Amino acid sequence: SRGTMESPKSSRFYIPARYVLAIMALLGFANVYALRVNLSVAMVEMKKEFGWDSTTRGIILGSFFYGYIVTQVPGGMLAAKYGGKWVFGLGCLGTTILTLLTPIAAYKSK
């Protein structure tokens, strides 16, 4: 006998790791999509304040999507080396920080 150690499944509040990962991914994607929507909403007020035309707004909003495209291959390579949860988590963190810096960058470019 190995003693009285219980297996994780016999614990009362055990949640399988795949469910935790799925919930964290859901929250991460919700965060990233919320950031994208916030940029679109803020663009209306920034248009008035900075006098941006439709071309400038298109470049700014398009840059968000170009970031998705450009980071696919490097993100896959980093995920293979360090694991997907780290790359995804740091990617969400980076997106959040850059979104928070957007107004500062806009004022500096004024």
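This briefing walks through four helices, how they are built and how they pack. The model is predicted. Two packed helices are described by the angle between their axes and the distance between the axes, and the bullets on packing use both. Helix α4 covers residues 84-108, and α1 and α2 are among the elements that cover its buried residues.

**Helix α4 on its own**

- Helix α4 has 25 residues and reaches 35 Å from its first C-alpha to its last, close to the 36 Å expected at 1.5 Å a residue.
- There is a bend of about 40° in α4 at T102, and the proline P103 follows within four residues.
- C92, T99 and A106 are the buried residues of α4.
- The cover over those buried residues includes α1 (17-50) and α2 (54-70).

**α1 against α2**

- The axes of α1 and α2 come within 10 Å and cross at roughly 165°.
- That angle makes α1 roughly antiparallel to α2, because angles over 145 degrees count as roughly antiparallel.
- The crossing of these two helices, α1 and α2, is right-handed.
- On the α1 side, V32, Y33, R36, L39, S40, M43 and K47 take part in the contact.
- Their partners in α2 are R57, I60, L61, F64, F65 and Y68.

**Helix α2 and its step to α3**

- The 17 residues of α2 should span 24 Å at 1.5 Å a residue, and its end C-alpha atoms are 24 Å apart, so the two values agree.
- A bend of about 30° in α2 falls at S63.
- Helix α3 (residues 72-82) packs with α2 at an angle of about 45°, and their axes are 5 Å apart.
- This makes α2 oblique to α3.
- Here Y68, I69 and V70 in α2 meet Q72, V73 and P74 in α3.
- Y68 of α2 also appears in the contact with α1.

**Helix α3 and its neighbour α4**

- For α3 and α4, the axes come within 7 Å and cross at roughly 130°.
- At that angle, α3 is oblique to α4.
- From α3, the contact uses G75, L78, A79 and Y82, while α4 brings G84, W86 and V87.
- Helix α3 is hardly covered, with a count of 1 buried residue among its 11 residues.
- Just after α3 comes G83, which takes a positive phi of about 105°.

Definitions and conventions:
Residues numbered from 1 in each chain as written. Predicted model: local features only at pLDDT ≥ 70, side-chain atom pairs only at ≥ 80, totals over all residues. Heavy atoms only, no water. Expected span 1.5 Å × (residues − 1). Bend = angle between axes of the 7 residues up to and from the residue. Buried < 20%, exposed > 50% of the residue type's maximum accessible area, 1.4 Å probe, protein only. Contact = heavy atoms within 4.5 Å. Axes fitted to C-alpha atoms, helices over the stretch in contact; angles between N-to-C directions. Parallel < 35°, antiparallel > 145°, perpendicular 65-115°, else oblique. Left-handed = near helix turned anticlockwise from the far one by under 90°.
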